[in-house]
Amino acid sequence: MGASLTKLISVAVAHAELESGTDLEALMGTMEGEPIYDLYPIGNRFQVWENTKRYYRHFFDVVQPAIQGFTPVSQSIGEKGVVEEYDIVVRHPGENATTTHRIIAMLTFGEERLSGERMYSDDKLFKLMFGPLWNELTPIPPR
């Protein structure tokens, strides 16, 4: 028997808050198993624990400093996960002007903690977000 829906929601909320910090171990403590990150509409993914750690190290070191601001658009909670929608203002490396990107991310529930995310955004934001993993992404298999 897994954690209650209330407990899983609290883990998702903690995860989202930890993404604005720099504590990699605490953030990874909200994950379980071999996380899967599916990216849409490009239809690619990365998975496994070590790649998740690599992603968040890059996120803390490169992506966070590039974020100039963000605006929450909506949040929905369901039995499979928490969906968050944001407009993110980014200054991409080597560019003077900022760009705004819409992202929708579903933090997916595992048995006790999070099992990964499904994200919807544009290639430019994804290339920044997933930097060193970009060329290692693999196609999402058909269901």
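**Strands, core and charged pairs**

With a relative accessibility of 40%, Arg102 counts as partly exposed, a class that lies between buried, under 20% relative accessible area, and exposed, over 50% (1.4 Å probe, protein chains only). The model discussed here is predicted, so that local features need pLDDT of at least 70 and side-chain atom pairs count only at pLDDT 80 or more, while totals for chains, interfaces and linings use all residues. Residues are numbered from 1 along each chain as its sequence is written, and side-chain values use heavy atoms, with hydrogens and water left out.

The side chain of Arg102 meets that of Asp87 in a salt bridge with an N to O distance of 2.5 Å, the term being used for a side-chain nitrogen of Lys or Arg within 4 Å of a carboxyl oxygen of Asp or Glu. This pair links distant parts of the chain, with Arg102 in strand β5 and Asp87 in strand β4, 15 residues apart. Helices (H or I, at least four residues) and strands (E, at least two) are DSSP runs, numbered from the N terminus.

The two strands that carry this pair also belong to one another through their backbone pairing, since two strands pair if DSSP finds at least two bridges between them. Strand β4 (residues 81-90) and strand β5 (residues 99-109) pair in the antiparallel sense over 10 bridges, and among the partners here Val82 has Leu107 in β5 as its bridge partner. On from β5, a hairpin of four residues leads to β6; β6 covers residues 114-120 and runs antiparallel to β5, with six bridges joining the two, and Phe109 is partnered by Leu114 in β6.

Strand β6 pairs with β1 as well, in this case in the parallel sense over six bridges, and Tyr37 stands opposite Glu117 in β6. Strand β1 in turn pairs with β2 in the antiparallel sense over four bridges, where Asp38 has Arg45 in β2 as its bridge partner. The hairpin of β1 and β2 has three residues between the strands, and in this hairpin Gly43 takes a positive phi near 75°.

From the strands we turn to the interior. The largest nonpolar core, meaning a set of buried Ala, Val, Leu, Ile, Met, Phe, Trp, Tyr and Cys residues joined through side-chain atoms within 4.5 Å, has 33 residues, and those with the most contacts inside this core are Tyr55, Tyr56, Met119, Met129 and Phe130. At least two residues of this core are supplied by each of α1 (5-18), α2 (24-28), β1 (31-40), α3, β4, β5, β6 and α4 (123-130), and the largest share, six residues, comes from α3.

Which rings are found in this structure's aromatic pairs, where ring centres of Phe, Tyr and Trp (its six-membered ring) lie within 6.5 Å and planes under 30 degrees apart count as stacked, over 60 as edge-to-face and the rest as tilted? A search of the whole structure finds 13 aromatic pairs, and the pair of Tyr37 and Phe46 is stacked because the ring centres are 4.7 Å apart and the planes stand at 10°. Both Tyr37 and Phe46 are buried. Phe46 also pairs with Phe130 in a tilted arrangement, at 5.6 Å centre to centre and 55° between the planes, which links distant parts of the chain, as Phe46 lies in strand β2 (residues 44-47) and Phe130 in helix α4, 84 residues apart. Ring pairs link Tyr37, Phe46, Tyr55, Tyr56, Phe59, Phe60, Phe126 and Phe130 into a cluster.

Phe130 counts as buried because its relative accessibility is 1%, and its contacts (heavy atoms within 4.5 Å), not counting residues up to four places away in sequence, are Leu39, Phe46, Tyr55, His58 and Met119. His58, which lies in helix α3 (residues 49-66), is likewise buried, with a relative accessible area of 14%; with the same sequence neighbours left out, that is, residues up to four places away, His58 touches Val63, Leu128, Met129, Phe130, Gly131 and Pro132.

Last come further charged pairs. The structure holds seven salt bridges, one of which joins the side chains of Glu25 and Lys53 at 3.6 Å, N to O. Here Glu25 in helix α2 is linked to Lys53 in helix α3, 28 residues apart; Glu25 is exposed, with a relative accessible area of 54%, whereas Lys53 counts as buried at 17%.
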